[in-house]
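Student: I would like a close look at one part of this model, the place where the two chains meet. Could you then walk me through what lies beyond it?

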Amino acid sequence: MDRALYRRLSNYAFVGLTAIATLIALTALVLILWSLLSKGLGGLDAKIFTMTQPAPGSEGGLSNAIMGSIMMCGMGLLIAVVIGVLAGTWLSEYGGNSPYGAAVRFLNDVLLSAPSILIGLFVYEIMVRPFQGFSAIAGAVALAIIAMPIVTRTTEDILSLQPSALREAGMALGASRAFVIRKVVWKSARAGLITGALLGFARISGETAPLLFTALGNQFFSVDPTQPMASLPTTIFQFALSAYEDWQRLAWVGALLIAVAVLSINIIGRVVAREARR
Amino acid sequence: MTDLPSHLSEEVHLAFPPSDRLAIEARKLDFFYGKTQALFGVDLPVERNKITALIGPSGCGKSTLLRALNRIYDLYPRQHAVGRILLDGHDVLADRKSLQRLREREGAIDEATMIRSPVDVAGLRARVGMVFQKPTPFPMSIYDNVAFGVRLYQRKSRAEMDVIVEKSLRRAALWDEVKDKLHSSGLGLSGGQQQRLCVARGIAVEPDVLLLDEPASALDPVSTAKLEETLIELREDFTIVIVTHNLQQAARISNYTGFMYLGRMMEFQPTEELFANPRGQRTRDYVTGRFG
């Protein structure tokens, strides 16, 4: 066969394969979104946000689960951002080249891919059993441990991208290293840091396994962090497996809410990143 | 210390300014990147209120020498300097570790001339400003950029700070272009303006010495000309050391020129002298464009 023709054909074949693969991935996403919308949208009304979860057969909403998710994800993210940003800063600015730094980075990567159910069990062992009770705090800690390596990793990556001349310029004015990091480097990397936090938030907002062992779930509305607390993923887990049709419908609505939240957080993250590049 | 290859040692020609007029001075300075030696016993006397230019082919050590003068290399744990750097007679390389390295090199050092006071590196850097090859405005307003260094060391009222910011921007020949947008981001300025902003930021703290590392290499000819004018005016108040690849630039603005090669100071002369009548063969070849 003519070489040029062969090259052209093999090129077409390759482009075709990549297109098909993309199509498969996209189809899955569209199908998921479609089933969420078709089954969840119908049940979405004001009661979802105002009423707590019902007994089977009676009216109700998901307000306890929504509140619980917001509180535990919020607390978890706060912990994860404080520790993750500091750890990432240390890796990028101070100890990243030492053997200890390499070990920290490796362990962080391990933690990044650790199964979330293990993290749930770990927090169960260190917080739930000793204090003899499930609590929202334990749930938040479990979520924090999941988000922390993400924030650490993105922080290190983003800070490493900042030009060293920026640090030198700050120090050349007589500022201390810590001062330059806080006032110049962090500021310059602001958008990336926010994106990292949002990625962490998107990741933990759908986590179920770690919450089953820690926050347990709660059929009543509660904002007491020392008590068990409901959350969207655990409620979905409970309702979707139940035999009651109205509970199953609520589970679909909850799933839709999580999907919408994750989607919008991702979009916000991208917009922030793009704005900062200008 | 490695000796200079013998065919080069005949080419070293140093005509230094009188030692009582120096603002900063490097003496027998060695510099190491890890185990790699980049400077070999370099002397650099910098006369007060003059512009001293450093020229030489890439990799000859001119930027390294500049970065040693304010110890900015301290940021990188594997880099170190051995020798003396005198700022107003104070040895800025007199910290314990550096002195120990000096002792190792010299066998014994003249303890009488040693300054034992601890070296305040941050304070040193406040007295020796630096401008980099690429403009490095901070991600904050033009005003805050200029005020950044001043705020580190002094508490100023708003009015006092306004005066300092305006004065610095005027001296850097940037005031007229930015006076109406002092509170917009420094990142929004053009490359040439950003570089002059960095000059303004550097001089706002009233340093004794201003170090410039190829400050015009990322600028267009018009911006370069503006920057050069600025530097010539700044000579009145500051002592300037500039590293440049642009020989015409060195000839235009500097009073002294040092030609470096392979980590050595090969020739140091008043600028006119060096360009009109280079003593060493290497220097002659370089300034006439035959190598480098």
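Tutor: Happy to! Let us begin where the chains touch: 14 residues of chain A are in contact with 21 residues of chain B (two residues are in contact if their C-beta atoms, placed from the backbone, lie within 7 Å). On the chain A side, α7 (164–172) and α8 (177–188) each supply at least two residues, and the largest share, 7 residues, comes from α7(A). Helices (H or I, at least four residues) and strands (E, at least two) are DSSP runs, numbered from the N terminus. By class, this side of chain A has 8 nonpolar, 3 polar and 3 charged residues. Here Ala, Val, Leu, Ile, Met, Phe, Trp, Tyr, Cys and Pro count as nonpolar, Asp, Glu, Lys and Arg as charged, and the others, Gly among them, as polar.

A word on the model: it is predicted, local features need pLDDT of at least 70 and side-chain atom pairs count only at pLDDT 80 or more, while totals for chains, interfaces and linings use all residues. Residues are numbered from 1 along each chain as its sequence is written, with chains lettered from A and ligands numbered from 1 in the order in which they are written.

Now step into chain B. Helix α5 (residues 142–153) and helix α8 (residues 191–204) of chain B pack at an angle of about 30°, with their axes 7 Å apart. The axes are lines fitted to C-alpha atoms, for helices over the stretch in contact, and angles run from 0 to 180 degrees between N-to-C directions. α5(B) and α8(B) are therefore roughly parallel to each other, a label for angles under 35 degrees. Where they meet, α5(B) brings residues including B:Ile142 and B:Phe148, and α8(B) brings residues including B:Leu197 and B:Arg201. That contact has 7 nonpolar, 2 polar and 1 charged residues.

From α8(B) we can move to the strands, as this helix lies across β7 and β8 (209–213) of chain B, running at about 175° to β7(B). In chain B, 7 strands form an open sheet in the order β1-β11-β10-β4-β9-β8-β7, with mixed pairing; two strands pair if DSSP finds at least two bridges between them. β1 (13–14) and β7 (128–131) of chain B stand at the edges, each with a single partner strand, so one side of each is left without a neighbour in the sheet. Elsewhere in chain B, β10 (residues 256–261) and β11 (residues 264–270) pair in the antiparallel sense over 6 bridges. B:Thr257, for instance, has B:Gln269 in β11(B) as its bridge partner.

Key: Parallel < 35°, antiparallel > 145°, perpendicular 65-115°, else oblique.
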